[in-house]
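The following exercises are to be worked through with the sequence and the structure at hand. Each task is followed by a solution in steps.

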Amino acid sequence: MKVVLFCGGYGMRMRSGAADDVPKPMAMVGPRPLIWHVMRYYAHFGHTEFILCLGYGAHHIKDFFLNYEETTSNDFVLRGGQTELLSTDIASWTITFVQTGIESPIGERLRRVRHHLDGDEMFLANYADVLTDAPLPEMIDSFARRDAGASMMVVPPQSSFHCVDLGEDGLVGGITAVSELPLWENGGYFVLRQEVFDHIPENGDLVADGCAQLAKRGRLVAHQHRGFWKPTDTVKERAALDDAYARGDRPWAVWEQGAGMRTA
């Protein structure tokens, strides 16, 4: 299945200075940027046709793949001055780069690459900066059996704050961690049918418009995931993932887990 990745946002909370024009998906985790980790996840499950919805800082993403160095993350033999790779990352990938606008909402970015989907009934879509160990084949198979227009992965609230139950007299009746509330957040990792385009207006949003309208019609399903899921909205969150990578604690790297695991 084709994979549409949204990688055109400014990522202001990830910026380290006024001159920093690197888009958030290009923030480094280990030796590779976030977008590579997301793509490697999909490729592990056999989905190697990518459509990148570019916007702000697009040249950084283009340059990374145009000048991709396989030896950074693969073993190799240097013989007679020539490099012989023992494995590859992206040799089997097909990547379509599409400039979808600097200010475009995500729904509009999706609309602008629709013709690259070749009318495929089902396709995958995601943000390019969220990592997970979610069981992708299970999500796809579950959705394929459902009569629905879209599926989104949902995760428990990530906030570390607490909610306070107040009475009219100001007395506190209870304190509950946000993460323990019976709520779910949008975690990305969408499985979509062409039907979603019927509900995204020009300059509309995928979630607020497309998914919301499908939900009203009983055409949206959710895949609940309580496993590993980490966004990278801030420098602190990106640094935490980078530190985890250095420690060898990287559950999102499903392609590294077990010799019997399927790889691209």
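**Exercise 1.** Locate Asn-203 and Tyr-189, and determine for each the sign of phi and the degree of burial.

*Solution.* Step 1: Asn-203 lies in the loop that links β14 to α5 (206-216); helices (H or I, at least four residues) and strands (E, at least two) are DSSP runs, numbered from the N terminus. This is a predicted model, in which local features need pLDDT of at least 70 and side-chain atom pairs count only at pLDDT 80 or more, while totals for chains, interfaces and linings use all residues. Residues are numbered from 1 along each chain as its sequence is written, and side-chain values use heavy atoms, with hydrogens and water left out.

Step 2: although Asn-203 is not a glycine, its phi is positive, at about 60 degrees. With 45% relative accessibility, Asn-203 is partly exposed; buried means under 20% relative accessible area, exposed over 50%, and partly exposed in between (1.4 Å probe, protein chains only).

Step 3: Tyr-189 belongs to the loop between β13 (185-186) and β14. Its phi is near 50 degrees, again a positive value in a residue other than glycine. Tyr-189 is buried, its relative accessible area being 2%.

**Exercise 2.** Describe the surroundings of strand β4 and its pairing with β1 and β7.

*Solution.* Step 1: β4 spans residues 49-54, and five of its six residues are buried, so the strand is largely enclosed by the rest of the structure.

Step 2: strand β1 (residues 2-7) runs parallel to β4, joined to it by six bridges; two strands pair if DSSP finds at least two bridges between them. Within this pairing, Val-3 has Phe-50 of β4 as its bridge partner.

Step 3: strand β7 (residues 94-99) also pairs with β4 in the parallel sense, over six bridges. Here Glu-49 is matched with Thr-94 in β7.

**Exercise 3.** Why does Cys-53 form no disulfide with Cys-7?

*Solution.* Step 1: a disulfide is a pair of cysteine sulfur atoms within 2.5 Å. Step 2: the closest cysteine sulfur to that of Cys-53 is in Cys-7, at 6.6 Å, which is too far for a bond. Step 3: the structure holds zero disulfides. As to accessibility, Cys-53 is buried at 0% relative accessible area, whereas Cys-163 is partly exposed at 34%.

**Exercise 4.** Identify the buried residues of helix α4 and what covers them.

*Solution.* Step 1: in α4 (residues 136-144), the buried residues include Leu-136, Met-139, Ile-140 and Phe-143. Step 2: these residues lie on the same side of α4, because they cover an arc of only 95 degrees around the axis; the arc is that of the directions from the helix axis to the C-beta atoms. Step 3: their cover includes α1 (34-44), β8 (122-127), β10 (150-155), β14 (190-193) and β15 (220-224).

**Exercise 5.** Find the residues that Leu-85 touches beyond four places in sequence.

*Solution.* Step 1: Leu-85 is in strand β6 (residues 82-85) and is partly exposed, at 36% relative accessibility. Step 2: leaving out residues up to four places away, Leu-85 touches Glu-70, Thr-71, Asn-74, Asp-75 and Phe-76, contact meaning heavy atoms within 4.5 Å. Step 3: Asp-75 stands 10 residues from Leu-85 in sequence, and their C-alpha atoms are 6.3 Å apart.
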